[in-house]
Amino acid sequence: QVQLVESGGGLVKAGDSLRLSCVFYGQTFSLYVMGWFRQAPGKERELVAAITPGYSTYDAESVKGRFTLSRDHAKNMVYLQMNSLKPEDTGIYYCAAQHRSSSTYDYWGQGTQVTVSS
């Protein structure tokens, strides 16, 4: 079983930066695609960014040029660097893991709140 633990959320002002971290426990990290999702109040959860074991990345259009997702295989961690934050980035951010043989994200963290004030 995989366990994901996020950290790094908080309350910031527009234009500030935050870095979210997610530590992966339980199975072989290098077999999983890692993603960050967010859910804003009253909205559906959306994929923000993802990274494959080989470091290929996907970024949602709304965060391109501002967010950077990286992973450290030695530490079993992923990092979401968020720069130039906007109020619309506010939400609960979830780390998720998808096994390379799966078509869905199989494991989820508990979420960390990010609030960006204007």
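**Note on the predicted model: strands, core and the surroundings of Arg38**

1. The side chain of Arg38 is in polar contact with the side chain of Tyr93, at 3.0 Å. The coordinates under review are those of a predicted model. A further polar contact, of 3.4 Å, links the Arg38 side chain to that of Ser62. Arg38 itself belongs to strand β4.

2. Is Arg38 buried or exposed? Arg38 counts as buried because its relative accessible area is 6%, which is under the 20% cut-off. Beyond its neighbours within four places in sequence, the contacts of Arg38 include Glu44, Arg45, Glu46 and Val48. Arg38 also touches Ser62, Val63 and Phe67, and further along the chain Glu88, Asp89, Ile92 and Tyr93.

3. Ser62, the partner of Arg38 in the 3.4 Å polar contact, is placed in the loop between β6 and β7. With a relative accessible area of 38%, Ser62 is partly exposed. Although Ser62 and Lys75 are 13 residues apart along the chain, 29 Å separates their C-alpha atoms.

4. As to the overall fold, the protein chain contains eleven strands and zero helices. Its pattern along the sequence is accordingly β-β-β-β-β-β-β-β-β-β-β. The radius of gyration is 13 Å, close to the 13 Å given by the globule rule for 118 residues, so the chain is as compact as a globular protein of that length. Along the principal axes, the C-alpha atoms occupy a box of roughly 40 × 25 × 25 Å.

5. Two chain-wide values complete that description. Buried residues make up 44% of the 118 in the protein chain. Of the contacts between residues at least 6 apart in sequence, 54% are between residues at least 24 apart.

6. Strands β4 (residues 32–39) and β5 (residues 46–51) run antiparallel and are joined by five bridges. Within this pairing, Met34 faces Ile51 of β5. The two strands make a hairpin with six residues between them, and Gly42 in the turn has a positive phi of about 75°.

7. Strand β5 is also paired with β6 (residues 57–59), in the antiparallel sense and over three bridges. Here Ala50 is opposite Tyr58 of β6. Five residues lie between the strands of this hairpin, and Tyr55 has a positive phi near 80°. The reviewer may wish to view Gly42 and Tyr55 together, as each is a positive-phi residue in its hairpin.

8. Which cysteines form the disulfide? The structure has one such link, between Cys22 and Cys95, with the sulfur atoms 2.1 Å apart. The angle about the S-S bond is -80°, and the link is left-handed. Cys22 lies in strand β3 (residues 18–25) and Cys95 in strand β9 (residues 91–99); the pair is 73 residues apart and links distant parts of the chain. Both Cys22 and Cys95 are buried.

9. The largest nonpolar core comprises 28 residues, and Leu4, Met34, Trp36, Val78, Leu80, Met82 and Tyr93 have the most contacts inside it. At least two residues come from each of β3, β4, β5, β7 (67–72), β8 (77–82), β9 and β11 (112–117). Strand β3 contributes the most, namely four residues. Apart from this core lies another, of six residues, including Val33, Ala50, Tyr94 and Ala96. In soluble globular proteins, nonpolar side chains tend to be buried together.

10. Two members of the largest core merit separate mention. Met34, in strand β4, is counted as buried because its relative accessibility is 1%. The C-alpha atoms of Met34 and Arg71 are separated by 8.4 Å, while the two residues are 37 apart along the chain. Val78, leaving aside neighbours within four places in sequence, is in contact with Met34, Trp36 and Arg71, among others. The contacts of Val78 also include both cysteines of the disulfide, Cys22 and Cys95. Leu20, Ser21, Phe29, Ile51, Leu69 and Ser70 are likewise among the contacts of Val78.

Definitions and conventions. Residues numbered from 1 in each chain as written. Predicted model: local features only at pLDDT ≥ 70, side-chain atom pairs only at ≥ 80, totals over all residues. Heavy atoms only, no water. Pairing = 2+ DSSP bridges. Disulfide = S-S within 2.5 Å. Buried < 20%, exposed > 50% of the residue type's maximum accessible area, 1.4 Å probe, protein only. Core = buried A, V, L, I, M, F, W, Y, C linked by side-chain atoms within 4.5 Å. Contact = heavy atoms within 4.5 Å. Polar contact = N/O pair within 3.5 Å; in protein donor to acceptor, adjacent residues only side chain to side chain. Rg over C-alpha atoms; globule rule 2.2 N^0.38 Å.
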